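Here is a friendly walk through one protein chain, from its strands to its aromatic rings. Keep the viewer open as you read.

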Amino acid sequence: MEQSFLRIMEDSIRRNWELAALTDYKGTTFQYKEIARKIAKLHILFEAAGIEKGDKIALVGKNSSNWAVVFIATLGYGAVIVPILHEFKPESVHHIVNHCEAKLLFAGEAVWENLNPSSMIHLGAIYSIDTFELLHTTDERNRQAIENLNLKFGEKYPKSFGREDVVFHHDEPDELALISYTSGTTSASKGVMLPYRTLWSNYMFAKEVLPDITVGSNVVSLLPMAHMYGMAFEFLFEFGQGSHVFFLTRTPSPKVIFEAFQEIRPDIIISVPLIIEKIYRKQIQPVIDRPAIKALLKLPVIDATITDRIRSTLVDAFGGKFIEVIIGGAAFNRETEDFFKRMKFPYTVGYGMTECGPIISYAPWSGHVLHSCGKVAPRMEIRIDSPSPSEIPGEIQVRGTNVMLGYYKNEAATREAFTEDGWMKTGDMGVLDPEGNLFIKGRCKTMILGASGQNIYPEEIEDMINSWNLVSESLVIDAGNGKLHALIYPDFDVADKTGVDLAQLGALMEQNRVSLNASLPAYSQIGKIKIMTEEFEKTPKRSIKRFLYQVTKE
């Protein structure tokens, strides 16, 4: 079998030429042939701007059809795409663009307003994602290229632009396709290098396990495409299948999502737990909180009529047409999951990470075991670093086609990520039951998943908090519902010497919190500070026992 991701994209465009491909929800719909024309024009632009194969092109903005066009056009040209989360602060965007040495940057208007072009030293030009107009350039070739684009397009395709003109770069399995940055700060940026085999294998996985998602199927893109989960399974897979992707252009609140589901009626739903839990609380909780229903649910055996009624309400809340809801990216609330399973709701939970682009394990809802993350995905292997992998939790380690090449310009981090015998260390703890189902038991890493799929690294925020006056140490925790809280143990000795009492400490820390949030993206801002009167419990290595301070989510 040919392992060419770009051949899949080519073939889909040709095969589905007249069909709807991408829609900006409540806005314009583009057919596959229109996407192909946009890509062809960008290829002319890249060539005129002096972009060579292997050069980096950065992309930062909200999900949109044009975002998708830039993504496919970059890969189709043979350049390397660097997607950046639009919620990163300008300083973080500057750093990533410089670190990857991007030659071009495509930016959404809202992001562009706050960028400083002179801070990005390798860029030849910045273009608008929204309009493709030239926003800034240091190279006159870019101005001439955009001004003469339509003329050059007509010269290259004098008769017409047709299916046969869709010709993309010939990709090799281990060739670098994409660099995904797991963080935006200068101190902790790690650019995950993903080759074409990773994109191909994740596409093939989805095709193998979701054969009913095909030509004409609908999907609502809820998650940020700058992260692999949304990119792989709400965009690339569906585009390769000839499906129709609807990009939410507004913040994915429960109200907006519910409205989109009712109108679009998606055939598959990809989500993080928080979104599902919010819809559950808004649409289902009021039904099951009725006294009569609540009493019936307490019975060991529930009447089938009640089960059917609740399941029907759940299914309708998600559009009523979907094959299953696939949940990933963070732990699913156990109480909610137990209820979904009891109602026989078609959901499943998968497991993955950016470094695998992202899939590691999955099971279809009909075979999903409660509280598990499914079984190892095709072309992947899982082992547990434990003397008894089915009973004693150990680090989950993986190898296979999906695994990254390493971290860009960071050989030390790359070496640290792999064992001596070539397995990648996930940083997560788990067990494998005798049937091969994976159960996550905890995290070696402390990454928190934001409400819309953003990666939040608490140590980065803790570093900032620990620099505050009168702070001894701190802990940033996931308080549920997309909220972060900071637990702070003050330097009471210094406070006593300077005459600062507990009330004053609280007021001072609140001022600091407001100031800190001004420098953080909205999704990683601190909602509340709690002053700890006793030092955090530590391990023998003097690390805080984080698990003792996690909030139980309701």
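In this predicted model, strands β3 and β5 (residues 104–107) run parallel and are joined by four bridges. Within this pairing, Ala58 has Leu105 of β5 as its bridge partner. β3 also pairs with β4 (residues 80–84), again in the parallel sense, this time through five bridges. There, Val60 is placed opposite Ile84 of β4. The link from β3 to β4 passes through helix α3 (residues 65–77), and the three elements make a right-handed β-α-β unit.

How many of the five residues of strand β3 are buried? Five of the five, residues 56–60, are buried, so the strand is largely enclosed by the rest of the structure. In a regular strand, side chains alternate between the two faces of the sheet. For β3, one side carries Lys56, Ala58 and Val60, the other carries Ile57 and Leu59, and all of these are buried. A lysine is on that list, in case you are thinking about side-chain charges: Lys56 is among the buried residues.

Moving on from β5, the next strand is β6 (residues 125–128), which pairs with β5 in the parallel sense over four bridges. Phe106 has Tyr127 in β6 as its bridge partner. Both faces of β6 are covered as well: Ala125 and Tyr127 on one side, and Ile126 and Ser128 on the other, are all buried. β6 is also joined to β7 (residues 134–137) by three bridges, and here the strands run antiparallel. Tyr127 takes part in this pairing too, with Leu134 of β7 as its bridge partner. β6 and β7 form a hairpin with five residues between them, and Phe132 in the turn has a positive phi of about 65°.

Now for the rings. A search of the whole structure finds 25 aromatic pairs. A pair of aromatic rings is described by the distance of the centres and the angle of the planes. Two pairs that involve Phe46 are set out below.

| Pair | Centre to centre | Angle between planes | Geometry |
|---|---|---|---|
| Phe46 and Tyr77 | 5.4 Å | 80° | edge-to-face |
| Phe46 and Phe106 | 6.3 Å | 75° | edge-to-face |

The pair of Phe46 and Tyr77 links distant parts of the chain, with Phe46 in helix α2 (residues 32–48) and Tyr77 in helix α3, 31 residues apart. Phe46 and Tyr77 are both buried. In the other pair, Phe46 lies in α2 and Phe106 in strand β5, so the contact ties together parts that are 60 residues apart in sequence. Phe106 is buried, as is Phe46.

Tyr77 has a further partner: the charged end of Lys53 sits over the ring of Tyr77, at 5.5 Å from its centre. Another lysine over a ring is Lys190, which lies over the face of Tyr407, 4.5 Å from the ring centre. Elsewhere, ring pairs link Tyr32, Trp67, Phe71, Phe235, Phe239 and Phe247 into a cluster.

One member of that cluster, Tyr32, also touches Ser243. Where is Ser243 found? It is in the loop between α9 (228–241) and β11 (244–247). Is Ser243 buried or exposed? Ser243 is buried, with a relative accessible area of 0%. Its side chain reaches the backbone oxygen of Thr214 at 2.7 Å. Besides Tyr32, and leaving aside neighbours within four places in sequence, the contacts of Ser243 include Ala20, Ala21, Ile213, Gly216, Ser217 and Glu238.

Later in the chain, strands β15, β16 and β17 form an open sheet in that order, with antiparallel pairing. β15 (351–352) and β17 (375–376) are the edge strands, each pairing on one side only. β16 (residues 359–362) is joined to β17 by two bridges in the antiparallel sense, and Tyr362 stands opposite Lys375 of β17.

Finally, helix α16 (residues 458–466) has Pro458, Glu460, Ile461, Glu462 and Ile465 buried. Which elements cover the buried residues of α16? Among them are the strands β23 (448–449), β24 (455–456), β25 (471–480), β26 (483–490) and β27 (526–531), along with helix α18 (502–517).

Methods:
Residues numbered from 1 in each chain as written. Predicted model: local features only at pLDDT ≥ 70, side-chain atom pairs only at ≥ 80, totals over all residues. Heavy atoms only, no water. Buried < 20%, exposed > 50% of the residue type's maximum accessible area, 1.4 Å probe, protein only. Pairing = 2+ DSSP bridges. Right-handed = clockwise from strand over helix to strand, strands pointing away. Polar contact = N/O pair within 3.5 Å; in protein donor to acceptor, adjacent residues only side chain to side chain. Contact = heavy atoms within 4.5 Å. Phe/Tyr/Trp six-rings, centres within 6.5 Å; stacked < 30°, edge-to-face > 60°. Lys NZ or Arg CZ within 6 Å of the ring centre and 35° of its normal.
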